[in-house]
Amino acid sequence: MNPESSISRPISHLGSFTTITPLMAIAPRVSIVVPAMNEAENLPHVFATLPRWVHEVVLVDGHSTDDTVAVARRLRPGLRVVAQPGRGKGDALAAGFAACTGEIIVMIDADGSTDGREIVRFVAALVAGADYAKGSRFTHGGGSDDITLGRRLGNLVLSGLVNLIYGTRYTDLCYGYNAFWASSLDVLAPDCAGFEVETLLNIRAAKAGLKVHEVPSHERGRIHGTSNLRTVRDGWRVLKTILRERDARLPAPAEVNAGAGVPADQGAA
């Protein structure tokens, strides 16, 4: 991670600030991406934690057979709904990212495990100078009510492998609560289908030299339903992603705007 590296972030509406707290206002618009499949029972809990000041919420519907979309639209006026073209969390996030119109993108889960009230921490890290704000359950101030011993050990081993190969100091590798500047999408470019997407994004952020800041986050248990995550199957996919990305070239940015835009810390007041 290169602290000197920064992708330009053109912000065209610096004269318009959104109040976040009595001591914080930001100019960048914030988009929240929520991939969901049959999460109608959980969405009232999830959406109740989302701040009203965000620019947009993008729900990516993964071929739900319940009334996920109807519930979401009732709960959040102005909600944007994207029909997922394929299958899997990675595929859903890629579709959601492509639909965002904000300068900051935040990814959360629809099962109630990620608390929308923490979004301000991620946004604050970005406007203070980070390129990529990475949630961590294992840094000081973080925690989990849901993770099993097997998943904890697997995450520890896989995080250690990424740190060894890519020179990072990540404390958490496989967590779905992250945020980044939309201008970083060219190099992050998620192109995998499953739960390995978080690992892919974390690795590509490091390879691109983005300034990564870990944000403490508390993971809660799924409220209703059962998870599609399978520890062995998805752990194997994460391992293959780690090894494949070692020799892979980063996606080429569509456009390089060296010296353009404004520094991240000029987006807050």
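**Exercise 1. Backbone angles outside the usual range**

Determine how exposed His63 is in this predicted model, and state where in the chain His63 lies and what sign its phi has.

*Solution.* Step one takes the accessibility: His63 has a relative accessible area of 34%, and since buried means under 20% and exposed over 50%, a residue in between is classed as partly exposed. Step two places the residue, which belongs to the loop between strand 4 (56-61) and helix 2 (68-75). Step three turns to the backbone, where the phi of His63 is near 60 degrees, a positive value in a residue other than glycine. As background, most residues other than glycine have a negative phi.

Which loop holds Ala189, and what is its phi?

*Solution.* Ala189 sits in the loop between helix 6 (185-188) and helix 7 (197-207), and its phi is positive, about 35 degrees, although the residue is not a glycine. With 23% relative accessibility, Ala189 is counted as partly exposed.

**Exercise 2. The nonpolar cores**

Identify the residues of the largest nonpolar core that touch the most other members, and list the elements that contribute to this core.

*Solution.* The core has 37 residues, and those touching the most other members are Phe47, Leu59, Val106 and Val123. Two or more residues come from each of several elements, including strand 2 (24-26), strand 3 (30-36), helix 1 (43-48), strand 6 (104-107) and helix 4 (119-127). Helix 4 supplies the largest share, six residues. To see how one of these members is surrounded, take Leu59: with neighbours within four places in sequence left aside, its contacts include Val34, Leu43, Phe47, Val69, Leu79 and Val82. A second, separate core has 31 residues, among them Ala99, Tyr132, Leu173 and Leu200. In soluble globular proteins, nonpolar side chains tend to be buried together.

Find, by contrast, the residues that make a nonpolar patch on the surface.

*Solution.* Leu149, Leu153 and Leu156 make a nonpolar surface patch of about 340 Å². Leu156 is part of helix 5 (residues 149-166), and at 60% relative accessibility it counts as exposed.

**Exercise 3. A covered strand and its partners**

Work out how many residues of strand 7 (residues 132-136) are buried, and which strands pair with strand 7 and in what sense.

*Solution.* Begin with the count: five of the five residues of strand 7 are buried. Next, separate the two faces, given that side chains in a regular strand alternate between the two faces of the sheet. Tyr132, Lys134 and Ser136 lie on one side of strand 7, Ala133 and Gly135 on the other, and all of them are buried, so that both faces are covered. Finally, consider the pairing: strand 7 joins strand 9 in the antiparallel sense over three bridges, with Ala133 opposite Ala179 in strand 9. Strand 7 also pairs with strand 10 (residues 212-216), here in the parallel sense over five bridges, and the bridge partner of Lys134 in strand 10 is Glu214.

**Exercise 4. Salt bridges and burial**

For the salt bridges Asp115 to Arg117, Glu219 to Arg137 and Asp191 to Arg204, decide whether each partner is buried or exposed.

*Solution.* The whole structure contains 15 salt bridges, of which the three pairs are taken in turn.

- Asp115 and Arg117 meet at 3.0 Å, N to O; Asp115, at 7% relative accessibility, is buried, whereas Arg117, with a relative accessible area of 58%, is exposed.
- Glu219 and Arg137 have their closest N and O atoms 3.1 Å apart. This pair links distant parts of the chain, 82 residues apart, with Glu219 in strand 11 (residues 218-219) and Arg137 in the loop between strand 7 and strand 8. Glu219, at 6% relative accessibility, is buried, and Arg137, at 3%, is buried as well.
- Asp191 and Arg204 meet at 3.2 Å, N to O, with Asp191 in the loop between helix 6 and helix 7 and Arg204 in helix 7, 13 residues apart. Asp191, with a relative accessible area of 54%, is exposed, while Arg204, with 4%, is buried.

Which residues are joined into one network by salt bridges that share partners?

*Solution.* The network consists of Arg137, Arg151, Asp172 and Glu219. Arg137 and Glu219 also appear among the contacts of Ser144, which touches Arg137, His218 and Glu219 when residues up to four places away in sequence are not counted. Ser144 itself is found in strand 8 (residues 143-144).

Note on methods: Residues are numbered from 1 along each chain as its sequence is written. This is a predicted model: local features need pLDDT of at least 70, side-chain atom pairs count only at pLDDT 80 or more; totals for chains, interfaces and linings use all residues. Side-chain values use heavy atoms; hydrogens and water are left out. Patches are made of residues with over 30% relative accessible area and no salt bridge: like charges are joined within 9 Å, nonpolar side chains (Val, Leu, Ile, Met, Phe, Trp, Tyr) within 5 Å. Accessible areas come from the Shrake-Rupley method with a 1.4 Å probe; for residues, only the protein chains shown count as cover. A salt bridge is a side-chain nitrogen of Lys or Arg within 4 Å of a carboxyl oxygen of Asp or Glu. Helices (H or I, at least four residues) and strands (E, at least two) are DSSP runs, numbered from the N terminus. Buried means under 20% relative accessible area, exposed over 50%, partly exposed in between (1.4 Å probe, protein chains only). A nonpolar core is a set of buried Ala, Val, Leu, Ile, Met, Phe, Trp, Tyr and Cys residues joined through side-chain atoms within 4.5 Å. Contact means heavy atoms within 4.5 Å. Two strands pair if DSSP finds at least two bridges between them.
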